[in-house]
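Here is a quick tour of a small set of residues and how they fit together. Have the viewer open as you read.

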Amino acid sequence: KMTVQSYNLLIAAAWLNAVFWSSMPVVGWAAYAPDPTGATCTINWRQNNVSFISYTMAVISVNFILPLFVMFYCYYNVSVTVKQYKANNCLDNINIEWSEQMDVTKV
């Protein structure tokens, strides 16, 4: 069950994740460089050494692929649960609003 404390913990985790990945180039894993406009700094995309490649792969893995698999896992479990409820005729007595939400979830 989600509580105020669990929401605060998730927000803190998101901030810690952002601070960690943005501070790694500062301490030497990959590097920052000015962007083409010179207005801000970004990862030095012209650098192709082991540090840059490992940093980029780690960021993609942790911040894109891992959440993607978590979402797939969650949606799979939702679809399995909906199928189980439907097989047990538990969905017959629900109201119209919930029925429409179930159709959207199935899609």
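Trp-21 sits in helix 1. This is a predicted model, so keep that in mind for everything below. At 10% relative accessibility, Trp-21 falls under the 20% limit and therefore counts as buried. What does Trp-21 touch, once residues up to four places away in sequence are set aside? The list is Trp-29, Tyr-55, Ala-58, Val-59, Val-62 and Asn-63. Take Ala-58 from that set: Trp-21 and Ala-58 are 37 residues apart in sequence, yet their C-alpha atoms are 9.4 Å apart in space.

Met-24 is in helix 1 too. With 15% relative accessibility, Met-24 is also under 20%, so it counts as buried. Not counting residues up to four places away in sequence, Met-24 touches Trp-29 and Tyr-55. Measure C-alpha to C-alpha in your viewer and you should get 8.4 Å between Met-24 and Tyr-55, which are 31 residues apart in sequence.

Now for helix 1 itself. It covers residues 4-27, 24 residues in total, and reaches 34 Å from first C-alpha to last, close to the 34 Å expected at 1.5 Å a residue. Its buried residues are Ser-6, Trp-21, Met-24 and Pro-25. What do the buried residues of helix 1 pack against? They meet strand 1 (32-34), strand 2 (41-43) and helix 2 (50-87). Right after helix 1 comes Gly-28, with a positive phi near 120°.

A little further along is Ala-30, in the loop between helix 1 and strand 1. Its phi is near 70°, which is positive even though the residue is not glycine. As background, most residues other than glycine have a negative phi. Ala-30 has a relative accessible area of 6%, under the 20% cut-off, so it is buried.

Over in strand 2 you'll find Ile-43. Its relative accessibility is 12%, again under 20%, so Ile-43 counts as buried. Leaving aside neighbours within four places in sequence, Ile-43 is in contact with Pro-25, Ala-31, Tyr-32, Phe-52 and Tyr-55. Ile-43 and Ser-22 are 21 residues apart in sequence and 9.4 Å apart, C-alpha to C-alpha.

Here are the C-alpha pairs side by side.

| Pair | Apart in sequence | C-alpha to C-alpha |
|---|---|---|
| Trp-21 and Ala-58 | 37 residues | 9.4 Å |
| Met-24 and Tyr-55 | 31 residues | 8.4 Å |
| Ile-43 and Ser-22 | 21 residues | 9.4 Å |

Several of these names come back in the largest nonpolar core. It has 7 residues: Trp-21, Met-24, Ala-30, Ile-43, Phe-52, Tyr-55 and Ala-58. Helix 1 and helix 2 each supply at least two residues of this core. Which element gives the most? That would be helix 2, with 3 residues. In soluble globular proteins, nonpolar side chains tend to be buried together.

Not everything buried is nonpolar, though, as Gln-47 and Asp-35 show. Gln-47 is placed in the loop between strand 2 and helix 2. Its relative accessible area is 19%, which is under 20%, so Gln-47 is buried. Apart from neighbours within four places in sequence, Gln-47 is in contact with Ala-30, Ala-31 and Phe-52. Two of those, Ala-30 and Phe-52, are members of the core.

Asp-35 lies in the loop between strand 1 and strand 2. Where is the nearest side chain of opposite charge to this residue? It belongs to Arg-46, 9.4 Å away, and buried Asp-35 has no salt bridge. What Asp-35 does have is a polar contact of 3.0 Å, side chain to side chain, with Thr-37. Not counting residues up to four places away in sequence, Asp-35 touches Thr-40, Cys-41 and Thr-42.

Zooming out, the protein has 3 helices and 2 strands, running α-β-β-α-α from the N terminus. Of its 107 residues, 15% are buried. Among contacts between residues at least 6 apart in sequence, 27% join residues at least 24 apart.

Technical notes: Residues are numbered from 1 along each chain as its sequence is written. This is a predicted model: local features need pLDDT of at least 70, side-chain atom pairs count only at pLDDT 80 or more; totals for chains, interfaces and linings use all residues. Side-chain values use heavy atoms; hydrogens and water are left out. Helices (H or I, at least four residues) and strands (E, at least two) are DSSP runs, numbered from the N terminus. The expected span of a helix is 1.5 Å times one less than its number of residues. Buried means under 20% relative accessible area, exposed over 50%, partly exposed in between (1.4 Å probe, protein chains only). Contact means heavy atoms within 4.5 Å. Lys and Arg count as positive and Asp and Glu as negative; His and the chain ends are not counted. A salt bridge is a side-chain nitrogen of Lys or Arg within 4 Å of a carboxyl oxygen of Asp or Glu. A polar contact is a pair of N or O atoms within 3.5 Å; within protein, one must be able to donate a hydrogen and the other to accept it, and residues adjacent in sequence count only if both atoms are side-chain atoms. A nonpolar core is a set of buried Ala, Val, Leu, Ile, Met, Phe, Trp, Tyr and Cys residues joined through side-chain atoms within 4.5 Å.
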